[in-house]
Amino acid sequence: MLYAASGTSLTTVDLYDLLRLRVDVFVVEQECPYPELDGRDLLESTIHLWWRPETEVLGCLRLLDEGDVVRVGRVCTAASARGTGVGAKLMAAAVDRIGDRESVLGAQVQAQGLYARFGYTPEGESYLEDGIPHIAMRRRR
């Protein structure tokens, strides 16, 4: 089931589960030690979307309102749920929420096909972030 909450309305349990998944994927699995807690998760303007069919969060992302654009970030899917369409469900919900606003994201290069399905196009050259090739992508109005 798809859930959504602003940063100020997240429950402690939901926040814990989202952070746990993000740390499991980005820090442990992808071996990218970075400061996961960046002060933006609990902002009223931050929107979190996550997929929890039963008790475990299997995917999540967040939307950051940056004024002129919405930034899609922290997109991740649990290893056990990859290839099941969880990422596409989350992105469809994100695009629906974003509406006709312009949005951007930093895609891992191997995942840019997923984002392209939702109207995102690459901008510029690929770059390394935490040792993983990424590319900036934008979805125009």
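Student: What makes the radius of gyration of the chain agree with that of a compact globule?

Tutor: The radius is taken over C-alpha atoms, and the globule rule is 2.2 Å times the number of residues to the power 0.38. For 141 residues a compact globule would have a radius near 14 Å, and the chain has 14 Å, so the two agree. The C-alpha trace spans about 40 × 30 × 30 Å along its principal axes. This is a predicted model, in which local features need pLDDT of at least 70 and side-chain atom pairs count only at pLDDT 80 or more, whereas totals for chains, interfaces and linings use all residues. Residues are numbered from 1 along each chain as its sequence is written, and side-chain values use heavy atoms, with hydrogens and water left out.

Student: How many helices and strands does the chain have, and how are they assigned?

Tutor: Helices (H or I, at least four residues) and strands (E, at least two) are DSSP runs, numbered from the N terminus. By that rule the chain has 3 helices and 7 strands, in the order β-α-β-β-β-α-β-α-β-β from the N terminus on.

Student: Why is Leu15 called buried?

Tutor: Buried means under 20% relative accessible area, exposed means over 50%, and partly exposed lies in between (1.4 Å probe, protein chains only). Leu15 has 19% relative accessibility and therefore counts as buried. Leu15 is found in helix 1, residues 12-29. Setting aside residues up to four places away in sequence, Leu15 touches Leu10, Asp41 and Leu42, where contact means heavy atoms within 4.5 Å. Ala5 is 10 residues from Leu15 in sequence, and their C-alpha atoms are 10.0 Å apart.

Student: Why is Thr121 called partly exposed, and why is Glu31 called exposed?

Tutor: Thr121 has 42% relative accessibility, so Thr121 counts as partly exposed. Glu31 has a relative accessible area of 65% and is therefore exposed. Thr121 is found in strand 6, residues 121-129, while Glu31 lies in the loop between helix 1 and strand 2 (47-51).

Student: Which residues does Thr121 touch, not counting those up to four places away in sequence?

Tutor: Thr121 touches Ala136, Met137 and Arg138 under that condition. The C-alpha atoms of Thr121 and Ile135 are separated by 9.7 Å, with their positions 14 residues apart along the chain.

Student: How do you know that strand 4 and strand 5 pair, and in which sense?

Tutor: Two strands pair if DSSP finds at least two bridges between them. Strand 4 (residues 70-77) and strand 5 have 3 bridges in the parallel sense, so they pair. Arg71 stands opposite Val104 in strand 5.

Student: What makes strand 5 mostly covered?

Tutor: In strand 5 (residues 103-108), 5 of its 6 residues are buried. For the whole chain, buried residues make up 45% of the 141 residues.

Student: Which residues other than glycine have a positive phi, among them one in strand 4?

Tutor: Arg74, placed in strand 4, has a phi near 50°. Glu31 also is not a glycine and has a positive phi of about 55°.

Student: What share of the exposed area do carbon and sulfur atoms supply?

Tutor: The chain exposes about 7,500 Å², and carbon and sulfur atoms supply 53% of it. The areas come from the Shrake-Rupley method with a 1.4 Å probe; for residues, only the protein chains shown count as cover.
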